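Thanks, everyone, for making the time. I would like to walk you through one structure, and I will keep to what was computed from its atoms.

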Amino acid sequence: AAEQLHQQRRDSALLTTVPLLREALAVHPMSWSAWLQLGTAYWALAQTPTHLPQQNYTYLLTALAALDQARFYQQGSFGAGIDVVRSQTYRDLGRLLGEQYGDVPHAIEYLEKSKALDPDEPQLYYLLGSAYSTQHDYPRALANTQRSLALRPGNRETQENLAVIYQKYATADPSQRPLLPQAERLLQQVQAANRALPDNDPRKLPNMRRTLGLLSINYALQGNAARQAATDQELAALAAPPVLAAPAPAPQ
């Protein structure tokens with residue numbers, strides 16, 4: 001509730017700022033800084049998850065148009081700073097089109113534009129890897145996901161996604177079966193990180209179940225029936241309700 005109230009206050013402040021910036025641009029239409037502030041305001045408005053996808057899509061397109069104007073008028077040393085926000089806007093457009101609308105080809109187009117502007121953003125490579133994987137373009141999926149992991153070593157989500165891509169690639173192309181042991185090692189690392197989470201962390205149990213499920217698939221693909229059976233047994237134990245201790249007898 002507190003986070004939602006903060007978002008509402010932030011959005012209200014941004015929506016108050018936008019008309020003022022447009023008034024400033026009516027007076028100074030070549031002010032790159034005003035265009036940058038306008039684009040950044042619209043980009044920030046698109047970060048509210050409670051908005052409808054179409055609303056955030058409109059905000060992002062409007063942000064991009066303003067940021068393109070800022071870049072046009074600022075050709076000096078501040079241009080690189082503008083490109084960082086443009087890259088974030090392209091990235092968020094790609095994510096929105098892929099996740100909310102299932103338009104993966106256009107999502108990839110926007111994400112590649114983002115990468116051209118900011119080639120060191122790990123989440124961008126993660127999104128590109130996922131997008132190429134849905135298109136069954138596993139070489140590009142691997143290249144981007146491996147780059148994401150290189151930029152943030154040990155990231156659990158990226159390790160797991162890379163393992164999934166290894167397994168999909170090995171399934172689609174038998175010549176890639178040597179990738180399966182690599183996927184297994186990654187998933188074991190992820191599961192170790194899952195086990196290290198505090199017991200009261202709500203992510204721990206679902207994370208462990210998901211990773212065990214992927215390990216079971218991996219052992220099935222490798223033809224390791226014994227390891228698959230042991231993994232399935234561990235998964236079943238996590239799915240079972242906890243055994244409650246019998247109540248102590250009432251005092252006589």
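What follows covers the cores, then the two largest pockets, and then three individual residues.

Before anything else, please keep in mind that this is a predicted model.

Let me begin with the packing. The largest nonpolar core is made up of 29 residues, and the ones that have the most contacts inside it are Trp35, Leu36, Leu38, Tyr42 and Leu60. Two or more residues are given to this core by each of helix 1 (2–27), helix 2 (32–45), helix 3 (53–73), helix 4 (79–101) and helix 5 (104–117). Of these, helix 2 supplies the largest share, which comes to 9 residues.

It is worth pausing on Trp35. If we set aside residues up to four places away in sequence, Trp35 touches Leu25, Pro29, Ala66, Gln69, Ala70 and Tyr73. Apart from the core that I have just described there lies another one, of 27 residues, and its members include Leu111, Leu149, Leu162 and Ala183.

Now to the pockets. The largest pocket holds about 270 Å³ of space. Its lining is formed by 14 residues, and those that lie nearest the centre are Ala46, Asn56, Arg95, Leu96 and Gln100. Helix 3 and helix 4 are the elements that give two or more residues to this lining, and it is helix 4 that provides the largest share, with 5 residues. Sorted by class, the lining of this pocket comprises 6 nonpolar, 5 polar and 3 charged residues.

For the second largest pocket, the computed volume is about 160 Å³. The residues that line it are Gly94, Arg95, Gly98, Glu99, Val104, Ala107, Leu111, Tyr126, Leu127, Ser130, Ala131 and Thr134. Here the elements that contribute two or more residues are helix 4, helix 5 and helix 6 (122–134), and helix 6 gives the most, with 5 residues. By class, this second lining divides into 6 nonpolar, 4 polar and 2 charged residues. You may have noticed that Arg95 appears in both places, since it is listed among the residues nearest the centre of the largest pocket and also lines the second largest one.

That leaves the individual residues. Which of them lies in helix 6, and is it buried or exposed? The residue is Leu124, which lies in helix 6, and it counts as buried because its relative accessibility is 0%. Not counting residues up to four places away in sequence, Leu124 touches Arg91, Leu111, Ser114, Lys115 and Asp118. As for long-range geometry, Leu124 and Gln228 are 104 residues apart along the chain, and their C-alpha atoms are separated by 34 Å.

Asn161 has its place in helix 8 (residues 156–172). With a relative accessibility of 16%, Asn161 falls under the 20% cut-off and therefore counts as buried. Leaving aside neighbours within four places in sequence, Asn161 is in contact with Tyr126, Ser130 and Thr145, and of these Tyr126 and Ser130 are also found in the lining of the second largest pocket.

Finally, there is a backbone detail at His136, which has a positive phi of about 65° although it is not a glycine. His136 is found in the loop between helix 6 and helix 7 (138–151). Its relative accessibility is 58%, so His136 counts as exposed, the cut-off being over 50%.

I am happy to go back to any of these points in the discussion.

Methods: Residues are numbered from 1 along each chain as its sequence is written. This is a predicted model: local features need pLDDT of at least 70, side-chain atom pairs count only at pLDDT 80 or more; totals for chains, interfaces and linings use all residues. Side-chain values use heavy atoms; hydrogens and water are left out. A nonpolar core is a set of buried Ala, Val, Leu, Ile, Met, Phe, Trp, Tyr and Cys residues joined through side-chain atoms within 4.5 Å. Buried means under 20% relative accessible area, exposed over 50%, partly exposed in between (1.4 Å probe, protein chains only). Helices (H or I, at least four residues) and strands (E, at least two) are DSSP runs, numbered from the N terminus. Contact means heavy atoms within 4.5 Å. On a 1 Å grid over the protein atoms alone, a cavity is a set of points where a 1.4 Å probe fits but cannot get out, and a pocket is an open set with protein on both sides within 12 Å along at least five of seven lines; lining residues have an atom within 4 Å of a point. Grid points are joined across faces, edges and corners, and a volume is the space filled by probe spheres set on the points. Ala, Val, Leu, Ile, Met, Phe, Trp, Tyr, Cys and Pro count as nonpolar, Asp, Glu, Lys and Arg as charged, and the others, Gly among them, as polar.
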